[in-house]
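This report introduces a protein structure to a reader who has not met it before. Please keep the sequence and the model at hand while reading.

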Amino acid sequence: MYSFEPGDWFRLADQLREPVRLGEGLGRDGNLTEEAQARADNALQLFLAYAKSMGIEQLEILGTSALRDAKNQSEFLHRIRPLDLDLKILSGEEEARLGVLAAANGFDFDDAWIIDLGGGSAQISLMRQRQFVRGQAFPLGGVRLTEQYFANDPPKRKEVKEIEQSLDTMLAGVVERMRAEQLPLIAMGGTIRNLARAIQKRREYPLIERLHGYFLALSDLEEITAELLEMKSRKRARIPGIKADRADVIAAGAVVYRWLVRSCDIEGIWISGDGLREGALMRHFLESPHLVSNLRSFSVQNLLQHYAQSKEYVTQTRHLAGRLFAGLQPLHCFGEREGDLLDAAAILQDIGLAVNYYRHDRHGEYLVSSARLNGFSPREQALVALLVRYHLRGRPRLGAYETMCRPGDKRLLNTLAACLRIADHLERPRTRRIRDVEIEINDETVVLRPISSGNPTLELWGMSEHEAIFETAFNRRLVIDPEFSNYDESDNPLSVTGL
């Protein structure tokens with residue numbers, strides 16, 4: 001269930017999950033079984049009761065592969081007619097389009113291949129300039145393949161080989177294009193999320209709530225797939241990260257992903273936490289073409305919407321942090337993308353106040369690290385979370401996030417934290433009295449001249465606390481020059497660039 005204000009913000013408010021496997025047994029004669037229909041009927045009744053109790057205003061019900069392919073589709077539709085549902089059965093292309101829409105609003109990629117593997121089918125699509133180009137559904141769902149090929153538990157090598165031979169035949173043309181394009185491959189659906197979560201847990205991945213945007217390397221995919229193929233399903237169900245109700249069918253899905261990454265000669269797969277549901281949401285949330293214009297900016301502002309902040313304070317802190325970053329660029333040599341991290345942290349630094357004033361820096365780190373910040377890589381999100389954590393005090397450390405960071409990120413963290421702390425301190429009284437800063441870089445010092453519309457005594461009080469982090473970041477001693485304090489506000493109206 002999503003709450004949203006069209007074009008402004010949205011958030012996942014709640015969700016129910018009820019395994020149905022409507023397509024179970026479909027491969028035998030092309031018909032939905034009585035047992036599967038009963039499960040689906042019961043699930044729909046449950047969801048309708050929930051929607052009624054929650055006062056949900058819009059309810060969209062979409063049918064996918066199983067209903068699309070079933071010979072006795074009309075029988076099931078007749079069965080659920082008393083529920084008075086507006087059920088739409090998607091074509092394979094329509095399902096693929098929604099997957100592309102979810103990816104376009106979830107990743108900072110203009111072009112990508114997208115695969116959404118479910119129980120009955122897999123949609124493989126091409127996205128160009130964040131738009132659907134083409135897509136096709138293939139009968140390669142985890143349930144369907146398990147029923148069709150795996151007669152043994154665990155499967156025999158011959159059975160695995162038969163799936164791979166079928167993939168060779170069915171996807172030869174698609175793989176040829178994918179090898180030629182060499183674009184990022186984004187994967188959706190419960191199978192890939194379970195595989196990635198299992199790897200995250202064994203690697204002690206530090207962003208514990210962040211699955212979206214995770215890169216599952218081929219080596220890790222090879223490792224988990226080989227293990228699953230050697231285990232009985234009841235043992236797979238005990239693997240941390242693997243849901244028990246997927247344990248019997250996840251191995252077949254893993255074979256598909258392993259074969260695809262190998263065949264395309266790519267390094268791995270980008271994991272999407274979004275899918276058809278979020279693609280459908282975008283059609284209601286945004287006007288056509290249903291695309292967020294600036295993904296990183298929207299993600300930060302969407303998170304901020306959930307936590308009350310002073311708009312004037314946030315705007316001024318961003319402005320000062322940006323001016324410091326730009327003025328010190330000859331020393332730090334970082335670019336626009338790093339500046340975006342500082343801007344995001346300047347916006348989000350105080351969201352921890354929603355929990356408590358005391359330790360709000362730590363509360364804020366958790367809120368940022370566990371949020372969905374689409375457009376930022378997991379590494380970038382970790383750095384934003386750390387900037388929030390160290391925006392007041394303390395020696396910045398990569399800590400648990402070090403395993404996902406790059407060489408040089410410790411210096412980057414110190415650089416951005418120094419800019420953020422000084423900007424925050426200059427606006428600490430919330431007066432907007434410090435309107436701008438001038439920076440003079442010398443061989444051994446950096447002179448910071450606050451441009452003030454009044455006496456900046458309070459803003460400059462305690463500035464010495466930040467001298468150490470500044471010197472660490474820039475290898476220069478910080479000198480505050482309070483003499484330059486005559487400023488006419490009408491000469492230079494405040495403007496903010498960045499996120």
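The sections below describe the overall make-up, a set of paired strands, the salt bridges, a charged surface patch and some backbone features.

## Overall make-up

The model is predicted. Its secondary structure comes to 22 helices and 13 strands. Along the principal axes, the C-alpha atoms occupy a box of roughly 85 × 45 × 40 Å. The protein has 499 residues, of which 51% are buried.

## Strands β5, β6 and β7

Strand β6 covers residues 122-128. It pairs with β5 (residues 112-117) in the antiparallel sense, and 6 bridges hold that pairing. Within it, Ile114 has Ser125 of β6 as its bridge partner. The connection from β5 to β6 is a hairpin of 4 residues.

Strand β6 also runs antiparallel to β7 (residues 131-138), to which 7 bridges join it. Here Leu126 is matched with Arg134 in β7 as its bridge partner. The hairpin of β6 and β7 has 2 residues between the strands, and Gln129 in this hairpin takes a positive phi near 50°. Arg130, in the loop between β6 and β7, likewise has a positive phi, near 65°. With a relative accessibility of 16%, Arg130 counts as buried.

Is strand β6 enclosed or open to the surroundings? Of its 7 residues, 6 are buried, and therefore β6 is largely enclosed by the rest of the structure.

## Salt bridges

The structure contains 34 salt bridges. Three of them are listed here with the distance between the N and O atoms.

| Salt bridge | Distance, N to O |
|---|---|
| Arg203 and Asp220 | 2.6 Å |
| Arg203 and Glu223 | 3.0 Å |
| Arg323 and Asp436 | 2.7 Å |

Arg203 and Asp220 meet through their side chains in a salt bridge of 2.6 Å, N to O. This pair links distant parts of the chain: Arg203 belongs to the loop between α9 (190-202) and β9 (215-217), whereas Asp220 belongs to helix α10, 17 residues apart. Asp220 is buried at 13% relative accessibility, while Arg203 is partly exposed at 40%.

Arg203 also forms a salt bridge with Glu223, with 3.0 Å between the closest N and O atoms. Because Glu223 lies in helix α10 and Arg203 in the loop between α9 and β9, the pair ties together parts that are 20 residues apart in sequence. Glu223 has a relative accessible area of 29% and is partly exposed.

A further salt bridge joins the side chains of Asp436 and Arg323 at 2.7 Å, N to O. Asp436 is in strand β11 (residues 434-441) and Arg323 is in helix α15 (residues 311-327), so this pair connects parts that are 113 residues apart in sequence. The relative accessibility of Asp436 is 7%, which counts as buried; that of Arg323 is 33%, which counts as partly exposed.

In addition, salt bridges that share partners join five residues into one network: Asp108, Arg296, Arg337, Asp340 and Glu380.

## A patch of positive charge

Which residues gather in a patch of positive charge on the surface? They are Lys232, Arg234, Lys235 and Arg238. Lys232 is placed in the loop between α10 (218-230) and α11 (233-236). Its relative accessibility is 34%, so Lys232 counts as partly exposed.

## Backbone features

Most residues other than glycine have a negative phi, and most peptide bonds are trans. The following cases depart from that pattern.

Where is a cis bond found? The peptide bond from Asp153 to Pro154 is cis, with omega near 5°, and Pro154 sits in the loop between α6 (142-149) and α7 (157-170). Ser288 and Pro289 are also joined by a cis peptide bond, with omega about 15°. Pro289 is located in the loop between α13 (276-285) and α14 (295-304).

Glu204 has a positive phi, near 55°, in a residue other than glycine. It lies in the loop between α9 and β9. The relative accessible area of Glu204 is 70%, so this residue is exposed.

Notes. Residues numbered from 1 in each chain as written. Predicted model: local features only at pLDDT ≥ 70, side-chain atom pairs only at ≥ 80, totals over all residues. Heavy atoms only, no water. Patch = residues over 30% accessible without salt bridge, like charges linked within 9 Å, V, L, I, M, F, W, Y side chains within 5 Å. Areas by Shrake-Rupley, 256 points an atom, 1.4 Å probe, with all protein chains shown as cover. Salt bridge = Lys/Arg side-chain N within 4 Å of Asp/Glu carboxyl O. Lys, Arg positive; Asp, Glu negative; His and termini not counted. Charge placed at Lys NZ, Arg CZ, Asp CG, Glu CD. Buried < 20%, exposed > 50% of the residue type's maximum accessible area, 1.4 Å probe, protein only. Pairing = 2+ DSSP bridges.
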